[in-house]
Amino acid sequence: MAIFSLWVINKAGGLVYQRNFADGLAQLTSNEYLVLAGTLHGIHAITSRLSPTGSSSGAQVIEGETFKMTILLTATGTKFVLLTSLAEATADLVLQRVYEAYADAVMKNPFHTPEMPVRSEGFDTRITSLIGTGQP
């Protein structure tokens with residue numbers, strides 16, 4: 001079980017926070033991460049409209065052959081995305097705790113501008129204590 005990466009995507013589809021926790025991930029540029037976040041935002045919007053039984057909050061888990069993406073959509077439209085191994089069973093709980101850390105360390109910071117990149121040492125510290133550094 002492993003957590004590979006955490007993304008925070010604002011309601012417009014912009015990547016406002018990204019952090020890797022495991023070696024072996026493809027080395028992407030900042031622009032490539034921005035494109036991936038925007039693409040995931042679009043996929044999420046499409047899946048929220050595809051539900052045959054009425055309204056839907058969109059995709060919550062996307063699985064690949066070797067990983068899965070778990071998505072937490074907040075009431076404000078911010079998305080928290082956790083890339084994990086297929087065997088990771090605690091992704092939902094981790095995302096909820098990341099959201100709580102974001103609300104406490106970022107949104108309560110009077111110097112943070114909403115929808116802009118997260119530059120908060122307090123948030124980074126809480127994420128490190130929650131998930132770790134990714135170093136053995």
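**Aromatic rings around Phe 80**

Colleague: Quick one on Tyr 99: what's its relative accessible area, and how does that class it?

Modeller: Tyr 99 comes out at 28% relative accessible area, so it's partly exposed. Bear in mind that this is a predicted model.

Colleague: OK, switching to the rings. How many aromatic pairs does the structure hold?

Modeller: Five aromatic pairs. One of them is Phe 80 with Tyr 99, with 5.5 Å centre to centre and 55 degrees between the planes, a tilted pair.

Colleague: Where do Phe 80 and Tyr 99 sit in the chain?

Modeller: Phe 80 is in strand S5, residues 79–84, and Tyr 99 is in helix H2, residues 91–107. They're 19 residues apart, so the pair links distant parts of the chain.

Colleague: And Phe 80 itself, buried or exposed?

Modeller: Buried, because its relative accessibility is 0% and the cut-off for buried is under 20%.

Colleague: What about the rings of Phe 80 and Tyr 102, how are they arranged?

Modeller: Edge-to-face, because the planes are at 80 degrees, with the centres 5.1 Å apart. Phe 80 is in strand S5 and Tyr 102 in helix H2, so this pair ties together parts 22 residues apart in sequence.

Colleague: Is Tyr 102 buried or exposed?

Modeller: Tyr 102 counts as buried, at 7% relative accessibility.

Colleague: Last thing: which residues form the aromatic cluster?

Modeller: Phe 80, Tyr 99 and Tyr 102 are among them, and Tyr 17 and Phe 123 belong to that one cluster too.

Conventions. Residues numbered from 1 in each chain as written. Predicted model: local features only at pLDDT ≥ 70, side-chain atom pairs only at ≥ 80, totals over all residues. Heavy atoms only, no water. Phe/Tyr/Trp six-rings, centres within 6.5 Å; stacked < 30°, edge-to-face > 60°. Helix = DSSP H or I, 4+ residues; strand = E, 2+ residues; numbered from the N terminus. Buried < 20%, exposed > 50% of the residue type's maximum accessible area, 1.4 Å probe, protein only.
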